[in-house]
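Thanks for making the time this morning. I would like to walk you through one structure, so please have a look at it before I start.

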Amino acid sequence: MTTLELAGLTKRYRVRGAGHMLALDDVDLSITSGRTVALVGQSGSGKSTIARIITQLERETSGQVLLDGVPIPRRGKALRSYRQQVRMVFQDPFASLNPYHTVHHHIARPLLLDRVVPRDQVDAEVARLLDRVRLDPELASRRPHELSGGQRQRIAIARALASRPALLVADEPVSMLDVSIRLGVLNLLAELQEADGLGVLYITHDLATARHFSDEIVVLHHGRVVERGPADDVILTPQHEYTRALRDASPDPERHFGGGREPETTGSRS
Amino acid sequence: MNRDPVLSVSGLSVTYDVDPPVEAVRDVSLTVGQGEVLGLAGESGCGKSTLAYAVQRLLRPPAEITGGEVVLHDVGGSDVDLTVLPAAEMDRLRWDQIAMVFQGAMNSLNPVLSVGDQLADVFTRHRPAMRRAERTETCGALLEMVGVGANRLRSYPHELSGGMRQRVMIAMALALRPRLLIMDEPTTALDVLVQREILQEISRLREELGFSVVFITHDLPLLLEISDRIAVMRAGRVVETAPAADLYRHPQHEYTKRLLGSFPSLTGERGDFVRKGGVTV
C-alpha cells in the first residue's frame, strides 16, 4: 500500500513585470494504491502544475509532497528511487517518444536504469510489457514514426510500467488520440491498474471519462480545490457552482434528448 | 424536412493523386437546408475536412475533384455548379456566399496585422466601393456582434485569448453575411466553458442572420446537441445521415453505433466503459 500525499501545495510563478501568478493555492490531495483520482478543471486551473510538481519537473513554492510520509528527495539515488515509484504518462504521444530510438530502446531504458531485471532478461521483459499493453512484441524494432497515436500511447504506458511503479500520473493521456481508440486506451489503463494495484492520478478536462474512470474527482479552479468527492456524486450532484458550470457546459446528449438511447449501442467493442 | 436547400452535394469524389492514389472523399451526397445546422462527424482521416475544402474549391494539388457536383442554390432560384464555375466567379462567391471558419482558426490570424486590418481586408477585397470610414465602422460593429468589442480593432492576435481569437474568426466569416458557414473543428482547442459560450454565440447569430451551418467535428456528443441533422463519415463515405435525435436513439450503421459507444455519457450509463478491470478486448 503506497500513498502519495500533497499537503498545502502552493506554486507561485514569477511573471515579468506583473509580480506573481498563483498557480496552486494550498492544495491537499492524496493518491493511494488501487484507486484512481481524477483531477479536473479548465485550462490554466493548475492541473498540469500539480503533475509537474509530483514528478519533480517543477518545484513547489511551499507545501509538501510526501510518499508514504517521506518528503520527495531532492537529488541522487533517493530521488531516482522516488521516480521509479511514481511514473508519468504524458499527453502528446507524438512528442514524448524520441524519434531516433526504437520502441525497444524506450522500454528497455528504464529497465536498465532501474535494474528491474537482469540484463539478459531485458528483451524478454520488453516483450512481456508490449504484450501487457496489447501490442505485438514484433513492434520492438520499430521507430515511433511507424506507429499510430494509439500505439505510441500504449508504448508510453509500457514505458511507465517498466520500472514497476506504485503510482501513475496520467496527464490527459487520451485527449490527443482519435475518439474511437480513446476508450480502448482508458480501459487498458483501468485494467492494468486493477492488475497491479496502481494508484492513478488521472488529469483531464473531460468530465465524462473522469466520472467513469475514477473513484474520486477533485475539481480545481484557479489553483484551488473547490470540490472533491466520489466520482458519481461530484458529477451528478455537484455542490460548488464552478463544478455545476463545468458540468452544464459539457456536451451531454443524454440530458439533451432526455434519455432514450437504445441499449443495443453498448457492448459493441473493438 | 421542408427547408429550401442552400447547398446540394451529389456524388462528390476527391482523390489525392499520389502513389498509390488516395480516394479521400467517395461519392458523397448531402444537402444543407436554409437555416439548418448540418453536423459532419468522423475521425481524423475520414475525409471531412477534404470535403469542406472541396465544396469551396480550396483544394490544392495533389488533391482534385474527380466527380460529382456541388450546387449552390441562389436566392433568386438559379443554381450554380461550383465545380465548374470559372475561378474568378468562384473567388467572388467565396466568403460572400460561403464562408469558412478553419480548423485551428486561432492560429490562422496573421500575427503582424491588427485584427481590425484583417477584418477590413474582407471588405477591400469584396466591397471595393466601400469608404474607409464605413469600413472601420462595420468592422467595429462585427467585433461587437461576436462579443469581442469594437475597442479591440487595434489589437494584435497575440493580445487576445484563444476564445477571443476564435470569435474574431467568426466575425470575419460572417462579415459579408454569407448564406452558408462551414466550421471545421471550430471549438476543439478551447476548454468546455469557452466552447459553450461560443456555441451559444453561434446559435444566437444564426437566429439573427439566418445562415446555414455545416459543423465539422469528431466530438459526437457536441454535434448531437447543436445539429439538426448529422452525417457520419468514414473512410471518405457518408455512412449514415439522420436527424440528430434519431441518430442518437436509433443509429443504423455499425460504425455510428461504435462511434456513439466511444463517448461515455456524462450523466447516463456507463456504456462501453469498464471501471474496475472488467473484461476488455
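I will go through the nonpolar cores, then one arginine, and then an aromatic pair.

Please keep in mind throughout that this is a predicted model. Let me begin with the cores, for which the general background is that in soluble globular proteins nonpolar side chains tend to be buried together. Here the largest nonpolar core has 56 residues, and those with the most contacts inside it are Ile170(B) and Leu220(B). The largest share of this core, eight residues, is contributed by helix α5 of chain B, which covers residues 162-174. If we set aside residues up to four places away in sequence, Ile170(B) touches Val101(B), Val146(B), Met183(B), Ile198(B), Ile202(B) and Leu205(B). There is also a second, separate core of 52 residues, and among its members are Val117(A), Ile155(A), Val185(A) and Leu189(A).

Now to the arginine, Arg196(B), which sits in helix α6 of chain B, residues 192-209. Is Arg196(B) buried or exposed? Its relative accessibility is 16%, and because the cut-off for buried is under 20%, Arg196(B) counts as buried. Again leaving out residues up to four places away in sequence, Arg196(B) touches Asp248(A), Ala249(A), Ser250(A) and Pro251(A), as well as Glu225(B).

Finally, the aromatic rings, where the count comes to three pairs over all chains. One of them is formed by Tyr202(A) and Phe213(A), edge-to-face, with 4.9 Å centre to centre and 80° between the planes. Tyr202(A) lies in strand β8 and Phe213(A) in helix α7, both of chain A, so the pair ties together parts that are eleven residues apart in sequence. Both Tyr202(A) and Phe213(A) are buried.

Methods:
Residues numbered from 1 in each chain as written. Chains lettered and ligands numbered in written order. Predicted model: local features only at pLDDT ≥ 70, side-chain atom pairs only at ≥ 80, totals over all residues. Heavy atoms only, no water. Core = buried A, V, L, I, M, F, W, Y, C linked by side-chain atoms within 4.5 Å. Buried < 20%, exposed > 50% of the residue type's maximum accessible area, 1.4 Å probe, protein only. Helix = DSSP H or I, 4+ residues; strand = E, 2+ residues; numbered from the N terminus. Contact = heavy atoms within 4.5 Å. Phe/Tyr/Trp six-rings, centres within 6.5 Å; stacked < 30°, edge-to-face > 60°.
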